[in-house]
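Thanks for making time this morning. I would like to walk you through one model, and I will begin with its backbone before turning to the ligand.

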Amino acid sequence: MLVGRMALGGSFSNPLSNKPAFSSDFCRMFAYLKKKWKVSWPQFALIFSTFALGGSLCAKLGSGLLQLILDEQNWVYWILYVPLITLLWPICVLGISIPLGQFRFFQNYLLRMWKRISGKPVVTRVAIFASGTGSNAETIIRHFKGQKAVEIALIVSNKPGAGVLQIAAAHHIPTWIIDRNTFLNGNGYVDELMAEKIDFIVLAGFLWKLPSALIEAFPRKIVNIHPALLPKYGGKGMYGMHVHKAVLAAGERETGISIHYVDEHYDHGATIFQEKCEIAAEDTPETISKKVQQLEHKHYPAVIEKLLKA
Ligand code: GRF
């Protein structure tokens, strides 16, 4: 049961409207781009402004530079203008993106463009953050093994003895053990993750709340799985058996899994996917945990794949 869509695919068509068709086409195009870039409307406005200002600056700079060496706009001017503009455009757009706070978006955007132009296959590099046994991490690793478009490039953990580290070693995936202070009060390892060219982050049993710096650097590119039907039984302290015990104590007749985007609060971001299972009279927290884990392993890798292909 898909309860949430990956992004809003808002339709702007209004059969009663007399407005010219092109305005609704523009709205549709904006909604499409917003969905594709996975950004909020305010950020979309800033990105759009960066494109517009960067483009104008580039055109001005290009013609200004050529006027320094050429007296008239003859054919030589136009032959030089096109490659000059092509070179100046990324520089101008990146420059404008800094004061508008969109540097990271454009850095990734230009990198993706460059990969496409240079003909290199586009590989989405995924980091899995996990602190526990890593059964979800393992099903995700196995799911993407052999897929050329997705690479599980890194396992990040805060526990030196976590089972997930052995799983990573068995699959020859690099691991990081992160430090609490650097993570929560420093840069959230954003620079290091960027240096590793990580595109997407999957939380699979990672218990620390993520710092804003990390969430802002990966907008709608961090997902988590929770072993209950959020918004019920989520929040601080609601993990592992605590969740299943609470569900049972409340006399629930069903529970399940929730896959959601991650924001600054525990188990709070927009829901992407939920699936339910029944609770029988004889169920215990342990048997519920097994049912829920089966759902997690069945759906989490598939949902991640769907998100990465969107
Ligand atoms: C899972 O139950 C998941 O829902 C929660 O943490 C648990 C991780 O289990 N976020 P494992 O380490 O993947 O087995």
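Where is the place of Pro231? This is a predicted model, so please take what follows in that spirit. In it, Pro231 is found in the loop between strand 5 and helix 10, the latter covering residues 241-249. The peptide bond that joins Leu230 to Pro231 is cis, with an omega of about 15°. A second backbone feature concerns Tyr189, which is not a glycine and yet has a positive phi of about 60°; Tyr189 belongs to the loop between helix 7 (180-185) and helix 8 (190-195). I mention these two features because most residues other than glycine have a negative phi, and most peptide bonds are trans.

Now to the ligand, which sits in the second largest pocket. Helix 5 (135-144), strand 5 (222-226) and helix 11 (285-309) are the elements that give two or more residues to the shell around the ligand. The residues around the ligand are Gly132, Thr133, Gly134, Ser135, Asn136, Gly205, Ile225, His226, Pro227, Gln293 and Glu296, and by class this shell divides into two nonpolar, eight polar and one charged.

Which backbone atoms come into polar contact with the ligand? A polar backbone atom of Gly134 is 2.8 Å from an oxygen atom of the ligand, and for Asn136, too, a polar backbone atom lies 2.8 Å from a ligand oxygen. On the nitrogen side, a nitrogen atom of the ligand has a backbone N or O atom of Ile225 at 2.8 Å. As for burial, the ligand taken alone exposes 360 Å², and the protein buries 82% of that.

Let me finish with the aromatic rings, for which the count comes to 25 aromatic pairs. One of them is formed by Tyr77 and Tyr81, a stacked pair with 5.7 Å centre to centre and 10° between the planes. Both tyrosines are in helix 3 (residues 75-97), and because they are four residues apart there, about one helical turn separates Tyr77 from Tyr81.

Technical notes:
Residues numbered from 1 in each chain as written. Predicted model: local features only at pLDDT ≥ 70, side-chain atom pairs only at ≥ 80, totals over all residues. Heavy atoms only, no water. Near = heavy atom within 4 Å. Polar contact = N/O pair within 3.5 Å; in protein donor to acceptor, adjacent residues only side chain to side chain. Areas by Shrake-Rupley, 256 points an atom, 1.4 Å probe, with all protein chains shown as cover. 1 Å grid on protein atoms, 1.4 Å probe; cavity = no way out; pocket = protein on both sides within 12 Å on 5 of 7 lines; lining within 4 Å. Sits in = over half its atoms within 2 Å of the grid points. Nonpolar A, V, L, I, M, F, W, Y, C, P; charged D, E, K, R; others polar. Phe/Tyr/Trp six-rings, centres within 6.5 Å; stacked < 30°, edge-to-face > 60°.
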